[in-house]
Amino acid sequence: MIRGLRQIDAYVAGAQPQGDKMIKLNTNENAYCPSPKVLEALAHFDGNSLRKYSSLDQAALREALSKQLQVPADQIIVGNGSDDILSMAFLAFFNDDLPVLFPDLTYGFYKVWADLYHINYHEIPLNEQFEIKVADYIADNGGIVLTNPNAPTGIFKPLDEIEKIIQANRDVVVVVDEAYINFGGQTALPLIDKYDNLFITRTFSKDAALAGLRVGYGIGSPKLMAVINAIKNSVNPYNVDALAEKLATVAVEDWEYYEGTCQQIMATRDWFAQGLLDLGFEVLPSRTNFVLAKPQTVSASYLFQKLEEKEIYVRYFSKVVRLKDYLRISIGTQAEMEEVLAEIGGIC
Ligand SMILES: Cc1ncc(COP(=O)(O)O)c(C=O)c1O
């Protein structure tokens, strides 16, 4: 027997099946290619530069983000995906005896980090309509984490309600995870100057079509930056590789391209949601690049299996009681979603 080994309930990420024919709609990846300028920068990247460690502060990328978001560069921290940023945020900001609050249905990783870092937490049930109730978050706590728009529901909470929560919790950190913000949400960025307890996280995995590159970032007050930068330098100072920094910088500089692809995805999402409604599904209103939907004539698990047989991969949260009747379906290209809707029509 080996002593000292940890027992961990790990996060279970969406599967990454392989194949040329499949339609992969299970991890909310972007349906479109990264910007052509990103691909060009990749083709011309100087491989010899990889001899050296990557930068310690990602100054070029933070500068580009600063210009795009109108936030000072020293209020931005970059990480290896937003998972890296969120994990550091849990370590940096939640160091209190009172429980950190987050919804029962939200990004499944929050619970895993809280357990891993021995952080006390309390999951607050979303209401019957799968919405956050502001009053639930006006209570003693050791911090708050909200995804807006939420995942896996897709539901968006208006900014004035998010502000009420931040305002009522000035003595703890409120993390707002904006992984899906550019698919029709309303960012909390305008509140950054007003509230030094607000920390926003973003990712290049969804809107920027760079999930495989692993880049995310966080935005917060100088007070919060000092602590999270200390965590970064205590865990992995070179947490963003040189290629990732270069390509993410080019992506930010070519944001117009992404505005176009996000618009396409939103249009396809609304078209697909209507198609599901016409088939009798319940569909939650989505401001993300996925929909959460409940079939009426067959069970969610049956539909999941039937789609998988046709190499259409969607996400079924079989272990989450409140979601056992639902499937989360990422939005692919219009052509892909037309095929998916036709297949669903044939099954249901
Ligand atoms: C709500 C939410 N936050 C964060 C992430 C992590 O994203 P990243 O790829 O940047 O680590 C995801 C990924 O699916 C997500 O759904």
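**Ligand shell, cysteines and two loop residues**

Helix α3, spanning residues 81-93, supplies four residues to the shell around the ligand, the largest share. The model is a predicted one. The ligand has 13 residues around it. Of these, S82, D177, T203, S205 and R214 come nearest. By class, the shell is made up of four nonpolar, five polar and four charged residues.

Polar atoms of three of these residues lie at short listed distances from the ligand. A polar backbone atom of S82 is 2.6 Å from an oxygen atom of the ligand. For T203, an N or O atom in the side chain is 2.5 Å from a ligand oxygen atom. D177 faces a nitrogen atom instead: a polar atom of the D177 side chain lies 2.7 Å from a nitrogen of the ligand. The ligand taken alone exposes 400 Å², and the protein buries 91% of that area.

The cysteines were examined next. The structure holds zero disulfides. C33 takes part in none, and the cysteine sulfur nearest to that of C33, in C262, is 14 Å away. Why is C262 not bonded to C33? The two sulfurs are 14 Å apart, which is too far for a bond, because a disulfide requires cysteine sulfur atoms within 2.5 Å. C262 is also buried, with a relative accessibility of 4%.

Two loop residues were then considered. A211 sits in the loop between β7 (198-203) and β8 (216-220). Is A211 buried or partly exposed? The relative accessible area of A211 is 24%, so A211 counts as partly exposed; the buried class ends under 20%. Leaving aside neighbours within four places in sequence, A211 is in contact with E29, F204 and S205. Among these partners, S205 is also one of the residues that come nearest to the ligand. A211 and P34 are 177 residues apart in sequence, yet their C-alpha atoms are 9.9 Å apart in space.

Q75 occupies another loop, between α2 (59-69) and β2 (76-79). The relative accessibility of Q75 is 9%, so Q75 counts as buried. Which residues does Q75 touch, beyond those up to four places away in sequence? The contacts are I192, G218, I219, G220, S221, P222 and M225. Of these, G218, I219 and G220 fall within strand β8 (216-220).

How values were computed: Residues are numbered from 1 along each chain as its sequence is written. This is a predicted model: local features need pLDDT of at least 70, side-chain atom pairs count only at pLDDT 80 or more; totals for chains, interfaces and linings use all residues. Side-chain values use heavy atoms; hydrogens and water are left out. A residue is near a molecule or strand if one of its heavy atoms lies within 4 Å of it. A polar contact is a pair of N or O atoms within 3.5 Å; within protein, one must be able to donate a hydrogen and the other to accept it, and residues adjacent in sequence count only if both atoms are side-chain atoms. Accessible areas come from the Shrake-Rupley method with a 1.4 Å probe; for residues, only the protein chains shown count as cover. Ala, Val, Leu, Ile, Met, Phe, Trp, Tyr, Cys and Pro count as nonpolar, Asp, Glu, Lys and Arg as charged, and the others, Gly among them, as polar. Buried means under 20% relative accessible area, exposed over 50%, partly exposed in between (1.4 Å probe, protein chains only). Contact means heavy atoms within 4.5 Å.
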